[in-house]
Amino acid sequence: MSNHPQHIGLIPDGTRRWAKLKDVPLSSAYLHAMKKISTYVDLFFSSGCQAVSLYLCSKENLERPSNEVAAFTDAETSLCADILPKVLDIYNVKVLIAGTLDLLPNKFRVALEELKESTSLNKNCRLYLCASYDPIDEIKKAAQISNEESDFFGNLWVPETLDLVIRTAGANRLSNFLPLQSGYAEIYIIEKLFNETNIDDIQNAIELYKNTHRSLGV
């Protein structure tokens, strides 16, 4: 049997569909999602997780219509500036950024950089925020600064292997989420749209992991 997952990845999918289903503004739907994200980050760290990787947006997400990009980046700005800091203070969490920040709207980029700076001295746990993330960019960056093959993984934006990846909305794919780090991760798919999920759904994923035998290729 495995122990508690030490590094959890979260892909919070389905917010656009939820907004359409509930006939609410997309901006409100994403803000609702950010509050859930904060709740789940709290749960992860309170239960003993040492690192969390959160998929805020891929590089491809930024190619959506401008109103949709504004909706999710404005909400994620609020997440970084107003919603997450209280949780991160509780668990002494250091924030690290995975992605090409110069592609992001300025307000969101600044919020990410300020959150990273304000938590830079924290040492207990780590939160990787994947924003404008693309694995090819991550690999290119690591290759450019690595002197030897042994340096490569440690130079990735996220230099830790994942134990568990949780994805909502029923899609059975990673969507370019940390493929090198997810090689032996357990993948848990929640059929519900992200905004319909609850604490029990997330705890079920963790419990399934804890009761799964992981051979890791051996």
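Me: Starting with the basics: two strands count as paired when DSSP finds at least two bridges between them. With that in hand, what is the order of strands in the open sheet?
Reply: This is a predicted model, and its open sheet has 6 strands in the order S3-S4-S2-S1-S5-S6, with parallel pairing.

Me: Which ones are the edge strands?
Reply: S3 and S6 (186–189) are the edge strands, each pairing on one side only. From one strand to the next, the twist averages 20°.

Me: How many bridges join S1 and S5?
Reply: There are 4 bridges between S1 (residues 7–11) and S5 (residues 164–167), and the pairing is parallel. If you want a spot to look at, Ile 8 stands opposite Leu 164 in S5.

Me: OK, helices now. Which strands does H2 touch?
Reply: H2 (residues 26–46) packs on the sheet and touches S1, S2 (51–58), S3, S4 and S5. Its direction makes about 160° with that of S2. H3 (residues 66–91) packs on the sheet as well, touching S2, S3 and S4, and its direction makes about 170° with that of S2.

Me: How do H2 and H3 sit to each other, roughly parallel or roughly antiparallel?
Reply: Their axes come within 8 Å and cross at roughly 25°. Angles under 35 degrees count as roughly parallel, so H2 and H3 are roughly parallel to each other. The crossing of H2 past H3 is right-handed.

Me: Which residues meet there?
Reply: From H2, the residues include Leu 31, Met 34, Val 41 and Phe 45, and from H3 they include Phe 72, Leu 79, Ile 83 and Val 87. By class, the contact has 15 nonpolar, 4 polar and 4 charged residues.

Me: And H1? What angle does it make with H2?
Reply: H1 (residues 15–22) packs against H2 at about 125°, with the axes 9 Å apart. That angle makes H1 oblique to H2. H1 passes H2 in a right-handed crossing.

Me: Which residues do the touching in that pair?
Reply: Thr 15, Arg 16, Trp 18 and Ala 19 in H1 meet Leu 26, Ala 29, Tyr 30, His 32 and Ala 33 in H2. Sorted by class, this contact of H1 with H2 has 6 nonpolar, 2 polar and 1 charged residues.

Me: Back to the sheet. What joins S3 to S4?
Reply: 6 bridges join S3 (residues 93–98) to S4 (residues 125–133), and the two run parallel. Lys 94 stands opposite Arg 126 in S4.

Me: Is the β-α-β unit there left-handed or right-handed?
Reply: Left-handed: the unit is made of S3, H4 (residues 106–118) and S4.

Methods: Residues are numbered from 1 along each chain as its sequence is written. This is a predicted model: local features need pLDDT of at least 70, side-chain atom pairs count only at pLDDT 80 or more; totals for chains, interfaces and linings use all residues. Side-chain values use heavy atoms; hydrogens and water are left out. A crossover is right-handed if, with the strands pointing away from the viewer, the path from the first strand over the helix to the second runs clockwise. Axes are lines fitted to C-alpha atoms, for helices over the stretch in contact, and angles run from 0 to 180 degrees between N-to-C directions. Contact means heavy atoms within 4.5 Å. Angles under 35 degrees count as roughly parallel, over 145 as roughly antiparallel, 65 to 115 as roughly perpendicular and the rest as oblique. A crossing is left-handed if the near helix is turned anticlockwise from the far one by less than a right angle, and right-handed if clockwise. Ala, Val, Leu, Ile, Met, Phe, Trp, Tyr, Cys and Pro count as nonpolar, Asp, Glu, Lys and Arg as charged, and the others, Gly among them, as polar.
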